[in-house]
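Please open the structure in your viewer, show the chain as a cartoon, and keep the sequence panel at hand. The tour below goes from one selection to the next and says what is to be found at each stop.

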Amino acid sequence: MGIKYTNKINKIRTFALSLVFIGILVMYIGIFFRDSPILMTISMLIGFLFIIGSTVVYFWIGMLSTKSVQVVCPSCNKPTKMLGRVDACMHCNEPLTLDQSLEGKEFDESYNNKSKRS
């Protein structure tokens, strides 16, 4: 059984969703500081900042997603979006590449780094 690869867009969306839940959790923890209005306010503001950060990340990945290359996965025949030279299918996590020089090679996300492009 090999390494499980995931799509970059899905990874970033999962991160943004986790920011929402962390923000809500931090705000909820603020309820336990009802006796100290300053600590409660700080907790609420930090939680709010996590949620605002999530909004920024969702907006950023939405803009990035509109510029990504859409391909049809050869494994599941569903359309998927790719970021970079190598990525994984959004549906079946099949490793994909647009670079013909990388076809047949071991999947490595470091191929997206500029230092590996030589």
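Begin with Tyr28, and bear in mind that the model is predicted: at 48% relative accessibility, Tyr28 counts as partly exposed, because its value falls between the 20% and 50% cut-offs. Now add Phe32 to the selection, which at 62% relative accessibility counts as exposed. With both side chains drawn as sticks, you have in view the one aromatic pair that the structure holds. The ring centres of Tyr28 and Phe32 lie 5.7 Å apart and their planes stand at 90 degrees, so the pair is edge-to-face.

**The whole chain**

Zoom out next and colour by secondary structure, which shows two helices and four strands. Followed from the N terminus, the elements come in the order α-α-β-β-β-β. Of the 118 residues in the chain, 28% are buried. If you look at contacts with a separation of 6 or more, 45% of them are between residues 24 or more positions apart.

**Helix α1**

Select residues 8-30, which form helix α1. This helix has 23 residues and spans 33 Å from its first C-alpha to its last, close to the 33 Å expected at 1.5 Å a residue. At its start, look for Asn7, where a side-chain oxygen comes to within 2.9 Å of the backbone nitrogen of Ile9.

Which residues of α1 are buried? Highlight Lys8, Ile9, Ile12, Ala16, Leu19, Gly23, Val26 and Gly30, and you have them. As you look along the helix, it helps to recall that an α-helix has 3.6 residues a turn, so residues three or four places apart point the same way. The buried residues of α1 pack against α2, β2 and β3, the last of these being residues 86-88.

**Helix α2 and Ser54**

Move on to residues 37-67, helix α2, and pick out Ser54 within it. Is Ser54 buried or exposed? With 1% relative accessibility, Ser54 counts as buried, because this value is under 20%. Once neighbours within four places in sequence are left aside, Ser54 is in contact with Ala16, Leu19 and Val20. A polar atom of the Ser54 side chain lies 2.8 Å from the backbone oxygen of Ala16, so a distance drawn between these two atoms is a good way to find the spot.

**Two spans from the record**

Under "transmembrane region", an unreviewed UniProt entry lists residues 12-32 and 38-61, and each can be selected in turn. For residues 12-32, the span is 90% helix and 0% strand, with its end C-alpha atoms 31 Å apart. For residues 38-61, the chain is 100% helix and 0% strand, and the end C-alpha atoms are 35 Å apart.

**The hairpin of β1 and β2**

Now select strand β1, residues 69-72, together with strand β2, residues 79-82; the two run antiparallel and are joined by four bridges. Val69 has Met82 as its bridge partner in β2, while Val71 stands opposite Thr80. Turn the view so that you look along β2, where the side chains alternate: Thr80 and Met82 point to one face and are buried, whereas Pro79 and Lys81 point to the other face and are not.

Six residues lie between the strands of this hairpin. In that loop between β1 and β2 you will find Asn77, whose phi is near 60 degrees, a positive value in a residue other than glycine. Asn77 is exposed, with a relative accessible area of 58%.

**On to strand β4**

Follow the chain to the loop between β3 and β4, and stop at Asn93. The phi of Asn93 is near 60 degrees, again a positive value in a residue other than glycine.

End the tour at strand β4, residues 95-97, where Leu96 is found. At 8% relative accessibility, Leu96 counts as buried. For a last selection, add Cys73, which is 23 residues from Leu96 in sequence and 7.7 Å from it in space, taken from C-alpha to C-alpha.

How values were computed:
Residues numbered from 1 in each chain as written. Predicted model: local features only at pLDDT ≥ 70, side-chain atom pairs only at ≥ 80, totals over all residues. Heavy atoms only, no water. Buried < 20%, exposed > 50% of the residue type's maximum accessible area, 1.4 Å probe, protein only. Polar contact = N/O pair within 3.5 Å; in protein donor to acceptor, adjacent residues only side chain to side chain. Contact = heavy atoms within 4.5 Å. Phe/Tyr/Trp six-rings, centres within 6.5 Å; stacked < 30°, edge-to-face > 60°. Pairing = 2+ DSSP bridges. Expected span 1.5 Å × (residues − 1). UniProt positions renumbered as here; feature names shortened; annotations may be inferred.
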